[in-house]
Amino acid sequence: DFLCISLANGFTQLRYNLGDKTIILQALQKVRANGNTWHLLKAGRAGNEGYLDLDGITVTQKASPGMNMLDTHTDFFVGGVSSLNLVNSMATENEPIGFTGCIRELVINNRELKLTATDPKGGANVGDCDGTVCGYSVCKNSGTCQVENSGFSCSCPQEWTGTTCEQSVHCSQNMCGSQALCIPQPSSFSYTCVCALGWSGKYCDSKITFYIAKFVGNSYIKYTDSYYGKRDLQYSRISLNFTTNQTEGLIAWMGKSEDEDNDFLAIGISNGTLKVVVNLGERISVPLMQGKYLTCCDQRWHFVTVVQNQTCIKVYLDEELILFEDIDPQRKYTALNYGGICYFGGFEIGRKVNVVTTGLFQKEFTGKIKDVVLFQDSKKIQLMNAEGYNVYDGNSGN
C-alpha cells in the first residue's frame, strides 16, 4: 500500500494503492514554477475515494468497490525518501527524485507537523526556506514580522501583544491563579479564568478537593493509568456512576485519541441513549446502542459497566445487562491498546469532541461522574490526581 503526492511534468499528482489497484489523480492546471509563488495543495482519501485540490480547483476519483484501508508501516516522508527503493514503481509517473522547493504548513489528519530542525525523526539536505529570522509564522495571530539588526520584531493587531503577538491584550494583566488558563473575551474587553484540577473561583484561587467530579461542558480530566504495562488488554473493564440532564455528551474515552489509528473504548450519551463505541484496530469503530433505555438524562445516578472480553462486549446499565455483542467473530483484533490514557467529560481545551471522535459523540459532558474503577482494581481511581480543567466539586448540591 502507498499514498504519494508528487510533481510530474509540471502537474501535481496524487497516487495511492490500498491493496488492489493504483488510483491516479492529476490537477487540471500546471504549477507555476517561478520559485516565488506559493500554492495551496489539499489531497486525501475517504475510503477508496480520492481528491486533489490545487489552489481551490478540485479533481476527485469516484469510488468503485474494492479495498478501503491504507495499510502502511513505514515512516512518513516529506520532500524525498531516505532510500529510493522504498518508492513503489507505481507511486510516481517518472523515476522518483527528491523535491526542490519550499514546503510549509504541512497538516496531516488535522494535525500540523512542525517542519523544524528538531521535531522530525530525521532528514537530510533541508534548510530554512525564508532565509531570514522571520521564517514562517514567527508572529502569531496575523502579526507582521520585520527583520531587525538584533533579530526580529512583530507588529501586532490591536487585540494582541507580546514579542510574537502570542498574548491577548485582555489577558496581559490577568489575575488568574495557579496553572489557570486565561481565555480572552474580546466582546466585553475582559477575560475568564479556566481553572486547573483542584482549583475554583473566579480567579481560580480557591483550593478544592472532590470525590464527585462535576463537569460544566468545557471540562475534561485526563487520567494516566500507572498499571497499564501490567494489564491484560484482551480483557478490559471500566465502570462508573454518572448523572446528567443532557441528551448528548462524552462520558469516558479509554484511548490516546492522538490520531485515527488509536484503539479506544468510549461511553457517552447520544440522543438521550447510552452509547458505547469500541475500536480494537484498523479504524473500525463499532457503535453499540440500546434504544429501549432512554433514562440516561433524568438527573438520577446511573451505574454503567463495560466489559471487553477479546471481541465480545458486555454493557451493564444499573446492573442490568443491556447489550452483549461479538463485534468481530473473526477475532482479527482482540486487544484494547488504549495506551494507558483515559479521558472523562471531554478532551483538552480547544479540542472539540465531535471532531476528535469523528462525529461518534457530539459534545462535552455536562453532569457528574464518580466511583470510576478500571479492570478488576480494588480501588477507585483518584480523579483529583489527574490532569484537567474546569472540573468542580460535585458534592455541593445534589
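Start by selecting residues 1–129: the C-alpha atoms at the two ends of this span lie 32 Å apart, and its make-up is 0% helix and 33% strand. As you look around, keep in mind that this is a predicted model. The span also appears in UniProt, where an unreviewed entry lists residues 1–129 and 210–398 for "domain: Laminin G".

**Stop 1: a sheet at the start of the chain**

Stay in that span and colour β1, β2 and β3. Together they form an open sheet of three strands, in the order β1-β2-β3, with antiparallel pairing. Which strands stand at the edges? They are β1 (2–8) and β3 (22–26); each has a single partner strand, so one side of each is left without a neighbour in the sheet. From one strand to the next, the twist averages 20°.

Now zoom in on β1 and strand β2 (residues 11–17), which run antiparallel and are joined by seven bridges. For one residue pair to display, pick S6 and its bridge partner in β2, Q13.

**Stop 2: the largest nonpolar core**

Next, select I238, F242, L274 and F344. These have the most contacts inside the largest nonpolar core, a group of 47 residues. Strand β17 (residues 213–224) supplies the largest share of this core, with four residues. Such grouping fits a broader pattern: in soluble globular proteins, nonpolar side chains tend to be buried together.

Centre the view on F242 and show what surrounds this residue. Leaving aside neighbours within four places in sequence, F242 is in contact with I251, I269, L274, C296, R300, W301, H302, V304, F365, K368 and I369.

**Stop 3: the second core and its aromatic rings**

A second, separate core has 25 residues, including V194, W199, F264 and F347. Keep F264 and F347 on screen and add W253 and Y343: these four residues form one aromatic cluster.

How are the rings of W253 and F264 arranged? They are stacked, 4.1 Å centre to centre, with 20° between the planes. W253 lies in strand β19 (residues 249–254) and F264 in strand β20 (residues 264–270), so the pair ties together parts that are eleven residues apart in sequence. Both W253 and F264 are buried.

Now turn to W253 and F347, an edge-to-face pair at 5.6 Å centre to centre and 80° between the planes. This pair links distant parts of the chain, 94 residues apart: W253 is in strand β19, while F347 is in the loop between β26 (341–344) and α1 (353–356). F347 is buried, as is W253.

Notes
Residues numbered from 1 in each chain as written. Predicted model: local features only at pLDDT ≥ 70, side-chain atom pairs only at ≥ 80, totals over all residues. Heavy atoms only, no water. Core = buried A, V, L, I, M, F, W, Y, C linked by side-chain atoms within 4.5 Å. Buried < 20%, exposed > 50% of the residue type's maximum accessible area, 1.4 Å probe, protein only. Contact = heavy atoms within 4.5 Å. Pairing = 2+ DSSP bridges. Axes fitted to C-alpha atoms, helices over the stretch in contact; angles between N-to-C directions. UniProt positions renumbered as here; feature names shortened; annotations may be inferred. Phe/Tyr/Trp six-rings, centres within 6.5 Å; stacked < 30°, edge-to-face > 60°.
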